[in-house]
Amino acid sequence: MKPTIELRNHPLETHKFRVRLAISAGFVLLLFLILLARFSYLQVVQRDHYHTLAEANRISISPLVPNRGMIFDRNGEILAQNYSIYTLEVIPSKVHELEATLDELATVIRITEKDRSRFKKLMNESRRSKSIPIRKRLSDEEVARFAANRYRFPGIDIQPRVLRQYPYGDSVAHVVGYIGRINDKDIEQLEIDEELDNYRGSHHIGRIGIEQSYEKELHGITGFEEVETDAAGRPVRVLSRTPPTSGNNLVLSLDVKLQQVADNAFGDRRGALVAMNPNNGEILALVSKPGFDANLFIGGIDHENWDLLNNSIDRPLNNRAVRGLYPPGSTFKPFMALAALELEKRTPEYTMNDAGFFSLPGSKHRYRDWKIGGHGRVDLHKSLVVSCDTYYYSLANDLGINAIHDYIKQFGLGEKTGIDIRGEASGLLPSPEWKMRRHNQKWHIGDTISVGIGQGYNLTTPLQLAFSTAILANKGKAYRPFIVQKISNNQTNIHQINQKDLLYTIQHKPENMALVREALVDVTQPGGTAANAAKGATYTFAGKTGTSQVIGIKQGERYDEDQVSERHRDHAMFIAYAPAENPQIALSIIVENGGHGGATAAPIARQVLDYFLLGELPQSTIAQVIDVPEAHHNHHDHL
Amino acid sequence: MPIFEISKLWYYLTRYIDTFLLIGILLLMTIGLFALYSATGADFNRVSKQMINMLVALAVMWVVANIPLQHIMRLALPMYLFGFALLIGVALFGEINNGARRWLDVGITRIQPSELMKLAVPLMMAWYFDKYEITLRLRDYIGATLLLLLPVLLILRQPDLGTALLIAASGFYVLFLAGLSWRIIVGLLVAVVGSIPVLWAFLHDYQRRRVMTLFDPSQDALGAGYHTIQSSIAIGSGGIVGKGWLNGTQTQLDFLPEQSTDFIFAVFSEEFGLIGNCFLLLLYLIVIGRCLYITANASTQFTRLIAGSITLTFCTYIFVNMGMVSGILPVVGVPLPLISYGGTSMVTMLLGFGILMSIQTHPKLVKT
């Protein structure tokens with residue numbers, strides 16, 4: 001027995017308490033008797049009534065899955081479509097010796113190791129009572145062979161299924177995205193969104209890109225069939241039928257041919273390109289390299305391919321165009337230049353002498369220009385054409401970080417653009433408040449200097465850079481970037497069109513804008529940093545090269561491309577719009593570890609512009625562009 | 001000597017565990033696992049998930065049972081204040097889901113503060129009465145009622161009628177056991193009955209629908225009434241001996257809604273019949289009996305009140321769940337203790353049992 005210490009006055013109090021407790025106990029007993037009475041009533045008195053109801057409760061409602069909407073590019077090229085196949089599916093909870101049964105099954109139908117490992121992965125992700133595919137695309141002969149042996153494999157059956165296919169494979173994988181099998185997490189989310197009912201019978205859901213962002217439009221409305229079943233649950237006859245409503249088709253503003261030209265122009269290099277129409281915000285191309293084959297994901301990807309994609313140092317699954325964060329480097333300078341003129345910190349006539357470095361008053365620290373010895377006398381026009389760093393070091397110092405932040409913010413850097421695909425990164429346009437909040441550190445004047453040339457804490461996505469270039473291209477008008485042009489219901493033939501969305505117009509003096517725009521044209525003329533790439537172009541285009549540092553270079557050292565490893569080389573950047581006098585396209589390009597923007601990024605822009613404005617295909621890409629859908633069927637036979 | 005070591009380990013493991021109560025709990029859990037296996041269509045994955053939930057909950061119970069009550073008592077005030085602050089946070093910044101604002105997003109995870117208050121409110125009230133033990137006057141009861149009413153009103157506003165009522169009940173048990181005068185209790189009853197028309201005006205549409213369908217489930221047979229109709233059919237068609245484990249047609253043909261969580265009792269009842277129901281009720285009564293015994297022998301005001309409130313709240317859960325599944329109470333979303341699938345409710349329940357064990361097995365020190 002545990003020791004008990006009795007206290008004064010306690011017996012009485014304890015007694016009072018126990019009386020109350022006894023009353024409660026009596027009450028609980030009463031409640032239980034009520035329950036017992038209710039159970040007896042239901043299970044004895046009304047038993048026959050409910051038994052009849054249970055017997056009659058054999059009308060089951062089975063879902064009719066809608067066809068998923070198709071996705072087209074702006075010219076009607078199919079980017080995502082459906083096709084029917086026969087799949088061999090297993091319900092694990094109904095199969096007794098799973099491993100042995102599968103071995104036996106393999107003697108009837110060819111099942112590879114890959115099929116099995118993918119099946120295992122799917123099985124671990126879903127409920128055991130769900131039907132899980134083990135082999136897809138059965139041939140007619142295989143269907144017949146299994147049908148003859150079906151009695152040997154309870155819990156295994158052939159199902160007609162609709163599969164998704166992406167004819168353009170790698171080049172549009174990030175934009176179009178892919179669908180994957182619905183897992184437990186999706187079910188939870190669908191339940192929260194009150195969408196679960198509409199997904200009864202659905203097996204797939206959009207994972208990334210348009211497939212994910214427009215899931216609601218694409219999925220359609222599930223129909224229902226009321227079926228009378230016999231005692232074993234087998235359907236006897238259909239009582240009523242509400243047909244499903246197919247998902248809506250989407251027409252993208254994307255031009256898949258342009259996308260392919262851009263994709264090919266990258267070759268094996270990593271990076272991203274975003275091209276948009278500056279006059280309305282339509283995205284024309286959105287490339288992220290390397291790509292991946294979205295078709296691999298449709299039936300649930302197997303371990304081997306997943307590891308390959310997920311663990312690759314190149315991170316192919318990352319959509320660099322909207323999620324990649326890079327310092328803008330010198331592509332930041334046009335916006336700085338405009339800020340200088342608008343805020344009257346510089347006049348067009350003002351010149352300074354660039355000796356190759358800039359130092360803050362009273363400091364020995366040298367902020368170096370990329371060109372040893374400097375550019376000599378530099379005015380604003382020349383500062384852009386030759387991309388003079390020193391000019392912008394000194395300008396940044398005169399403007400101050402707050403003015404830089406507030407002015408350039410208008411161009412959308414460091415903020416989500418609001419594009420209609422999910423997962424956009426916001427980037428960073430630094431300010432003293434941000435640094436205090438994030439790092440709990442005071443802003444140093446030195447921070448401002450590196451921000452002036454687009455380095456330091458600056459981080460932008462390629463999409464943001466394209467957006468701000470588009471604003472420059474159409475003289476201050478900011479249109480929200482969007483990629484879905486039209487949503488069309490193929491039953492009612494009603495189209496819903498995404499209108500251009502003018503977010504705001506940046507106030508400016510026309511002569512200031514003109515000055516910056518003229519300088520950007522001269523960047524592509526002889527003497528400019530992108531002159532080589534523009535050589536021989538029959539149209540004028542404006543551009544700005546950039547190089548953004550991946551590693552810091554110590555004082556007194558110089559960056560030497562040959563001495564740093566490939567992954568630590570600078571990123572090459574380029575922004576451009578054309579034709580310069582009446583821009584129809586604005587784009588941003590980043591080539592990871594590509595070195596100088598003028599040397600690797602600008603030539604890509606040239607190929608894209610040549611195709612877009614003149615319809616000229618670069619020699620190297622002709623072969624691939626002619627290669628369209630059908631060929632892919634064979635490539636993905638293992639699905 | 002290894003045998004000595006093992007017996008020593010055994011001693012430390014079981015030192016503060018009430019064996020009687022533990023066996024009752026484990027039996028109920030076992031029934032729960034069998035019912036779950038049937039409810040999920042023989043899905044062993046979910047059964048093992050629930051087993052993990054149970055192990056976690058048992059570990060929590062063991063830890064709490066090892067804490068002397070004086071320490072738990074010290075937690076009452078901070079826990080209450082913390083929970084209350086979170087409730088205010090929910091009211092101001094909570095996430096809206098299904099038209100209700102119950103969750104608070106704290107970056108890593110979303111929490112539902114009302115779950116914490118299920119224990120914090122009775123703890124706080126018991127602590128309060130313990131503090132004013134010698135001079136219990138009307139104004140002490142009023143103070144305690146305020147401690148109860150404020151969080152309940154906040155939860156009612158979310159709106160989460162079920163949880164609000166359960167917390168109100170657990171607080172009322174403390175008041176009742178602390179000796180609230182009969183006149184006031186009767187007065188309260190009259191006030192509650194009188195305020196029903198007023199409350200009705202404040203209820204959300206979906207809550208009203210649920211109450212209405214209680215009186216006539218058939219008027220909404222495919223919507224809110226569907227739950228009650230299908231579970232009544234399941235129970236009734238089970239008859240006296242039941243259809244046998246894994247043989248319930250209502251269950252196996254997926255007619256039952258939420259059959260692994262709130263409506264799991266219908267699964268059990270269909271397959272094991274009236275005999276199974278009686279056995280289950282009896283098992284619950286044995287556990288409740290042990291809890292009442294522990295309560296009756298608790299030595300301080302605090303331990304008595306908290307033990308009593310936990311015990312009676314446990315009974316309330318059982319009654320409300322079985323009542324709603326068998327169609328005599330509205331569907332309010334209350335799990336069947338120790339049987340329904342779900343980690344949170346399992347942990348909350350066993351936390352309460354841990355407190356009871358601690359009361360029973362620690363030396364009964366009282367303040368002098």
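A residue counts as buried if 20 or more other C-beta atoms lie within 10 Å of its own, and as exposed if 12 or fewer do. By that criterion, helix H17 of chain A (residues 432-439) is hardly covered, since the count of buried residues among its eight residues is zero. The helix is followed by Asn440(A), whose phi is positive, near 55°. These statements, like those below, refer to a predicted model.

**Composition of the chains**

The two chains are summarised in the table below.

| Chain | Residues | Buried share | Helices | Strands |
|---|---|---|---|---|
| Chain A | 639 residues | 42% | 24 helices | 23 strands |
| Chain B | 368 residues | 46% | 14 helices | three strands |

The contacts within each chain were also sorted by separation in sequence. Taking contacts between residues at least 6 apart in sequence, 75% of those in chain A join residues at least 24 apart. For chain B, with the same lower limit of 6, the share joining residues at least 24 apart is 70%.

**A strand hairpin in chain A**

Strand E11 (residues 271-276) and strand E12 of chain A run antiparallel and are joined by six bridges. Within this pairing, Ala272(A) stands opposite Ser288(A) of E12(A). The two strands form a hairpin with six residues between them, and Gly281(A) in the turn has a positive phi of about 90°. Strand E12(A) spans residues 283-289, and seven of its seven residues are buried, so the strand is largely enclosed by the rest of the structure.

**Helices of chain B**

Helix H14 of chain B covers residues 343-361 and has 19 residues. From its first C-alpha to its last, H14(B) reaches 26 Å, close to the 27 Å expected at 1.5 Å a residue. H14(B) is mostly covered, with 14 of its 19 residues buried.

A helix pair offers a further point of description. Two packed helices are described by the angle between their axes and the distance between the axes. In chain B, the axes of helix H6 (residues 138-157) and helix H7 (residues 161-177) come within 8 Å and cross at roughly 170°. Angles over 145 degrees count as roughly antiparallel, which means that H6(B) is roughly antiparallel to H7(B). Residues of H6(B) that make the contact include Tyr141(B), Leu148(B), Val152(B) and Ile155(B), while those of H7(B) include Leu161(B), Ile167(B), Gly171(B) and Leu175(B). By class, the contact of H6(B) with H7(B) has 12 nonpolar, three polar and no charged residues.

Methods:
Residues are numbered from 1 along each chain as its sequence is written. Chains are lettered from A and ligands numbered from 1 in the order in which they are written. This is a predicted model: local features need pLDDT of at least 70, side-chain atom pairs count only at pLDDT 80 or more; totals for chains, interfaces and linings use all residues. Helices (H or I, at least four residues) and strands (E, at least two) are DSSP runs, numbered from the N terminus. The expected span of a helix is 1.5 Å times one less than its number of residues. Axes are lines fitted to C-alpha atoms, for helices over the stretch in contact, and angles run from 0 to 180 degrees between N-to-C directions. Angles under 35 degrees count as roughly parallel, over 145 as roughly antiparallel, 65 to 115 as roughly perpendicular and the rest as oblique. Two residues are in contact if their C-beta atoms, placed from the backbone, lie within 7 Å. Ala, Val, Leu, Ile, Met, Phe, Trp, Tyr, Cys and Pro count as nonpolar, Asp, Glu, Lys and Arg as charged, and the others, Gly among them, as polar. Two strands pair if DSSP finds at least two bridges between them.
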